[in-house]
Amino acid sequence: MRTCSPVADSGDIRFVHAQEGMLVFELNLKNLPAKGSILTIKDESGNLLFEQTIKTENYSRLYKIEKNSISKIIFEISGKKILLFDPEGGRMFIVMDISD
């Protein structure tokens with residue numbers, strides 16, 4: 001299981017496994033702003049796969065994303081990007097791009 005902690009004390013994202021054509025991720029966020037946060041998940045072309053407003057300070061959820069021909073998945077939480085690459089068709093490599 002690969003783990004990425006985008007910012008200290010803000011949580012992590014884990015690539016759990018690939019199962020039946022789906023990529024499974026566990027997202028655990030904490031210390032989110034009281035005003036709320038927006039979570040978006042996009043593919044390598046910037047196509048929106050999922051979007052949700054989070055109105056709690058802590059948030060945990062499993063996400064299943066259809067593999068298809070996805071080579072990169074972008075999780076963005078309130079402007080902070082976590083890029084997940086799959087260059088070999090089965091292993092996820094995590095690269096952080098913490099942009100403001």
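In this predicted model, Ser37 has Ile54 of strand S5 as its bridge partner. Ser37 itself belongs to strand S4, and it makes a good starting point for a walk through the sheet. With a relative accessibility of 3%, far from the surface-exposed range that begins over 50%, Ser37 counts as buried because its value falls under the 20% cut-off. Beyond residues up to four places away in sequence, Ser37 touches Leu32, Gln52, Thr53, Ile54, Ile77 and Ser78. Its bridge partner, Ile54, is thus one of the residues it touches.

The strand around Ser37 is mostly covered as well: of the 7 residues in S4, 5 are buried. Strand S4 spans residues 37-43 and has pairing partners in S5 and S7. With S5, residues 48-54, the pairing is antiparallel and runs over 6 bridges. With S7, residues 72-77, S4 also pairs in the antiparallel sense, here over 5 bridges. In this second pairing, Lys42 stands opposite Ile74 of S7. The hairpin of S4 and S5 has 4 residues between its strands, and there Gly46 adopts a positive phi near 85°.

Positive phi values also turn up outside glycine, which invites a closer look at the loops. Most residues other than glycine have a negative phi. Glu20, however, has a positive phi, near 50°. This residue sits in the loop that joins strand S2 (11-19) to strand S3 (22-29), and it counts as exposed because its relative accessibility is 75%, over the 50% cut-off. Asn31 is another such case, with a positive phi of about 60° although it is not a glycine. The loop between S3 and S4 holds Asn31, and a relative accessible area of 55% places this residue among the exposed ones.

Asn31 also leads to a second loop. Leaving aside neighbours within four places in sequence, Asn58 is in contact with Leu29, Lys30 and Asn31. Asn58 is found between S5 and strand S6 (59-66), in the connecting loop. Although 29 residues separate Asn58 from Leu29 in sequence, their C-alpha atoms are 5.5 Å apart. Even with these contacts, Asn58 counts as exposed, at 51% relative accessibility.

Attention now turns to the aromatic side chains. The structure holds 4 aromatic pairs. One of them, Phe25 with Phe75, is edge-to-face, with 5.3 Å from centre to centre and 65° between the planes. Phe25 lies in S3 and Phe75 in S7, so the pair links distant parts of the chain, 50 residues apart. Both rings belong to buried residues: Phe25 has a relative accessible area of 0%, and Phe75 likewise has 0% relative accessibility.

Phe75 takes part in a further edge-to-face pair, with Tyr63, where the centres are 6.4 Å apart and the planes meet at 75°. Because Tyr63 lies in S6 and Phe75 in S7, this pair ties together parts that are 12 residues apart in sequence. Tyr63 is buried, as is Phe75. Ring pairs join these residues into a cluster made up of Phe15, Phe25, Phe50, Tyr63 and Phe75.

Key: Residues numbered from 1 in each chain as written. Predicted model: local features only at pLDDT ≥ 70, side-chain atom pairs only at ≥ 80, totals over all residues. Heavy atoms only, no water. Helix = DSSP H or I, 4+ residues; strand = E, 2+ residues; numbered from the N terminus. Buried < 20%, exposed > 50% of the residue type's maximum accessible area, 1.4 Å probe, protein only. Pairing = 2+ DSSP bridges. Contact = heavy atoms within 4.5 Å. Phe/Tyr/Trp six-rings, centres within 6.5 Å; stacked < 30°, edge-to-face > 60°.
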